[in-house]
Amino acid sequence: MTEERETLEADVLFVGGGPACLAGAIRLAQLVKDNGIELEDGIFVVEKAAEVGNHQLSGAILDPRALTELLPDWEKLDPPPPFEADVAGERMYYLTQGGKIRMPLPPPMQNHGNKVTSLNKLTKWLGEIAEKNEIEVLAGFPAAEILWDGTRVVGVQTGDQGIGHDGKNKANFEPGTNIKAKVTIFGEGSRGSLTKKLVAKLGLDAGCNPQIYSTGVKEVWEVPEGRIAPGDVIHTAGWPIDWETFGGSFIYGMDKNHVSLGFVVSLDAPDPFLDPHRKFQEWKSHPLVKGIIEGGKLVRYGAKTIPEGGWYSIPRPWFDGGMLVGDSAGFLNMSRLKGIHLAMKSGMLAAETAIEALEKKDPSAKVTEGYQRRLDESWLKKELYRVRNFRQPFQRGFLTGAFFAGLGTVTFGLLPWGRWTLESDHERMRKLPDAERRLAAREPDESQPEMSIKGDGTLIYDKLTDVYNSETNHEEDQPCHLVVADTDVCHNRCTYEYGNPCQYFCPANVYEMLKAEAEPAGGGDEAADGSAAAATATATSAPPRTLKINFSNCVHCKTCDIRDPYQIITWVTPEGGGGPNYTGL
Ligand SMILES: Cc1cc2nc3c(=O)[nH]c(=O)nc-3n(C[C@H](O)[C@H](O)[C@H](O)COP(=O)(O)OP(=O)(O)OC[C@H]3O[C@@H](n4cnc5c(N)ncnc54)[C@H](O)[C@@H]3O)c2cc1C
């Protein structure tokens, strides 16, 4: 397109208005003030949600360490940080179907001194502090493209508004803006859409373990008083997850009437029918959970992925013109299910590096490399390095994982030694039994589970009802932001090989495989991959199922971009402001 685009200049641009970038922007503003630096163009944050905080989803228990470094007098601030409660009691159970066994609380899961909060509220609060520090926070502006000068990042282009589903400009068309920055810091959260491109183009993950992810599904419930105390923290492992899948749950008492419930399931699970939403709903029927929420009311729903590979999966987080912070880089401690404090700390260290780049008028890798040194010398690395091999043994089953996690704890991270490798999530998905024969015979597996669990309207909710409770909204007349490179693969190979797992792994009912009307026998078209097996098929010429994408349901969790076994789904930013509204989550 050749539209005239406005250009905006920035000294430092933060991409994403989450805790990583907002803490970074605030730290930068503090350093500018403390060192008497005159900025030429200012500090900018772009956020795709209509309001800062609306796309934030977390447990959330905050380790306040980074917050205390950023704003040492936070307790006296007006308004104070939106904490719901101090962590009071803590328990952990191993669940069987209907039963529970109390387990000793592993040290990484101990939360004494931490705060129960809503990440949505905390992010909004940080956003307000950023604005008070004269940082331009532009909500409703997705960064859609990276601006390059050779291999140097020089900013981003925000998304165009007003393009129809047919790709043509509508009457309200407005081209996105080129925001040119001396330093660009990417903090797009888990599986950032630009971060993914950047890492691939610059080969930042060379020599690293692959990043692996889980999907966290969460509901907030209003419950009768007395069911759970504010600050009560319960974690569970076991049922309804099988031995080969990593995951667990959390129950956090917020105020005296609200409880935050979440279920986290890893996307490296071999089962192609793994459905994190279904597991969560099944878990809610366990007497432990039912006893807390029965008679209560579902208030909110959300889902989001979590990068859980750990230290060895973190790509090189610095490059010519910028840095990666927070979940985008993978700074998350999965043994604690905590990333907010690490995201904030990484943003603050990136800000210190950005100041050096501005002062030296040199944003090249020679200066941004200093970010690595700052990370290596900080408590962030100490925390993550100690659990650097935490997640890997779980790929050999729950018991092996639990054994080595325990060993790591008692030896203060000394064992398991060395660097343990990981397999990437999508490669671990198991093909359906007899996949090759099915493909050759054009015979889909008709014994698949229903694509969404049936709700009972009191305890269990189907995906659509839950999506309604996430207040997700997108302009309907726009190009689909879930780009499938080759739908023939979905209609052919995937149907026979994996049974179209997108219908199950998506926690928002975005992907549907519609059964095609019966076609007369004969013909036999060629498979998308041109495989001989499929080409010899004779049963029917039409695909048995066709893909329908309900993109307006998308809660921006990025599960599809990660778990699709052929890696042909790409999540790109939709029109600004679209997506969930996670108020109170
Ligand atoms: C279910 C669940 C439970 C969790 N529990 C805890 C917990 O109890 N404690 C804890 O510490 N951590 C927890 N975490 C992890 C924690 O939420 C993350 O580590 C933290 O939010 C990371 O912060 P971030 O700023 O890097 O990313 P995010 O918080 O994800 O923020 C990224 C922001 O960037 C925006 N964005 C993305 N792409 C673009 C783009 N291209 N253009 C513009 N904007 C963009 C997004 O809309 C979002 O607002 C949990 C996570 C989940 C999913």
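**Exercise 1. Two domains in contact**

Task: In this predicted model, how far apart do the C-alpha centres of domain 2 and domain 4 lie, and which residues make up the side of domain 2 that touches domain 4?

Solution.
- Step 1. Take the separation. The C-alpha centres of domain 2 and domain 4 are 28 Å apart.
- Step 2. Count the contact. Domain 2 gives 27 residues, and domain 4 gives 27 residues.
- Step 3. Find the elements on the domain 2 side. At least two residues come from each of β14, α5 (276-284), α6 (287-293) and β18.
- Step 4. Pick the top contributor. β18 gives the most, with seven residues.
- Step 5. Sort the domain 2 side by class. It has 12 nonpolar, six polar and nine charged residues.
- Step 6. Place the domains in the chain. The domain assignment gives domain 2 as 84-118 + 211-307 and domain 4 as 427-571. The assignment also lists domain 1 (7-80 + 120-208 + 314-386) and domain 3 (393-422).

**Exercise 2. The shell around the ligand**

Task: How many residues surround the ligand, and which domains each supply at least three of the shell residues?

Solution.
- Step 1. Count. The ligand is surrounded by 45 residues.
- Step 2. Name the closest. They are Gly18, Gly189, Gly216, Gly326 and Gly339.
- Step 3. Assign domains. Domain 1 and domain 2 each supply at least three residues of the shell.
- Step 4. Assign elements. Helices α1 (19-34), α4 (193-202) and α7 (340-359) are among those that each give at least two shell residues. Strands on that list include β2 (43-47), β14 (213-222) and β18 (297-307).
- Step 5. Sort by class. The shell holds 20 nonpolar, 18 polar and seven charged residues.

**Exercise 3. α1 against α3**

Task: Are α1 and α3 roughly parallel or oblique to each other?

Solution.
- Step 1. Recall the two quantities. A helix pair is described by the angle between the axes and the distance between them.
- Step 2. Read them off. α1 and α3 (residues 119-132) pack at about 25°, with their axes 9 Å apart.
- Step 3. Apply the cut-off. Angles under 35 degrees count as roughly parallel. Therefore α1 and α3 are roughly parallel to each other.
- Step 4. Give the hand. This crossing of α1 and α3 is left-handed.
- Step 5. List the contact. α1 uses Pro19, Leu22, Ala23, Ala25 and Ile26, while α3 uses Thr123, Leu126, Gly127, Ile129 and Ala130.
- Step 6. Sort by class. The contact of α1 with α3 has eight nonpolar, two polar and no charged residues.

**Exercise 4. α7 and its two partners**

Task: At what angle does α7 pack with α1, and at what angle does α7 cross α9?

Solution.
- Step 1. Start with α1. The angle between α1 and α7 is about 40°, and their axes are 7 Å apart.
- Step 2. Give the hand. α1 passes α7 in a right-handed crossing.
- Step 3. Look at the contact. Residues of α1 including Pro19, Ala20, Gly24 and Leu31 meet residues of α7, among them Ile340, Ala343, Gly347 and Ile355. By class, the contact of α1 with α7 has 14 nonpolar, three polar and two charged residues.
- Step 4. Turn to α9 (residues 370-377). The axes of α7 and α9 come within 9 Å and cross at roughly 140°. α7 and α9 are therefore oblique to each other.
- Step 5. Give the hand again. α7 passes α9 in a right-handed crossing.
- Step 6. Look at the second contact. Ser346, Leu349, Ala350, Glu352, Thr353 and Glu356 of α7 meet Gly370, Tyr371, Arg374 and Leu375 of α9. The contact of α7 with α9 divides into four nonpolar, three polar and three charged residues.

**Exercise 5. Unusual backbone**

Task: Which residues does the cis peptide bond with omega of about 0° join, and where does Leu337 lie?

Solution.
- Step 1. Recall the rule. Most peptide bonds are trans, and most residues other than glycine have a negative phi.
- Step 2. Find the cis bond. Asp78 and Pro79 are joined by a cis peptide bond, with omega about 0°. Pro79 lies in the loop between α2 (65-70) and β4 (83-86).
- Step 3. Add another cis bond. The bond from Trp239 to Pro240 is cis, with omega near 5°. Pro240 sits in the loop between β15 (233-238) and β16 (247-253).
- Step 4. Check phi. Leu337 is not a glycine, yet its phi is positive, about 50°. Leu337 lies in the loop between β20 (322-324) and α7.

Technical notes: Residues are numbered from 1 along each chain as its sequence is written. This is a predicted model: local features need pLDDT of at least 70, side-chain atom pairs count only at pLDDT 80 or more; totals for chains, interfaces and linings use all residues. A residue is near a molecule or strand if its C-beta atom, placed from the backbone, lies within 6 Å of it. Helices (H or I, at least four residues) and strands (E, at least two) are DSSP runs, numbered from the N terminus. Ala, Val, Leu, Ile, Met, Phe, Trp, Tyr, Cys and Pro count as nonpolar, Asp, Glu, Lys and Arg as charged, and the others, Gly among them, as polar. Domain bounds come from an automatic or database domain assignment. Axes are lines fitted to C-alpha atoms, for helices over the stretch in contact, and angles run from 0 to 180 degrees between N-to-C directions. Angles under 35 degrees count as roughly parallel, over 145 as roughly antiparallel, 65 to 115 as roughly perpendicular and the rest as oblique. A crossing is left-handed if the near helix is turned anticlockwise from the far one by less than a right angle, and right-handed if clockwise. Two residues are in contact if their C-beta atoms, placed from the backbone, lie within 7 Å.
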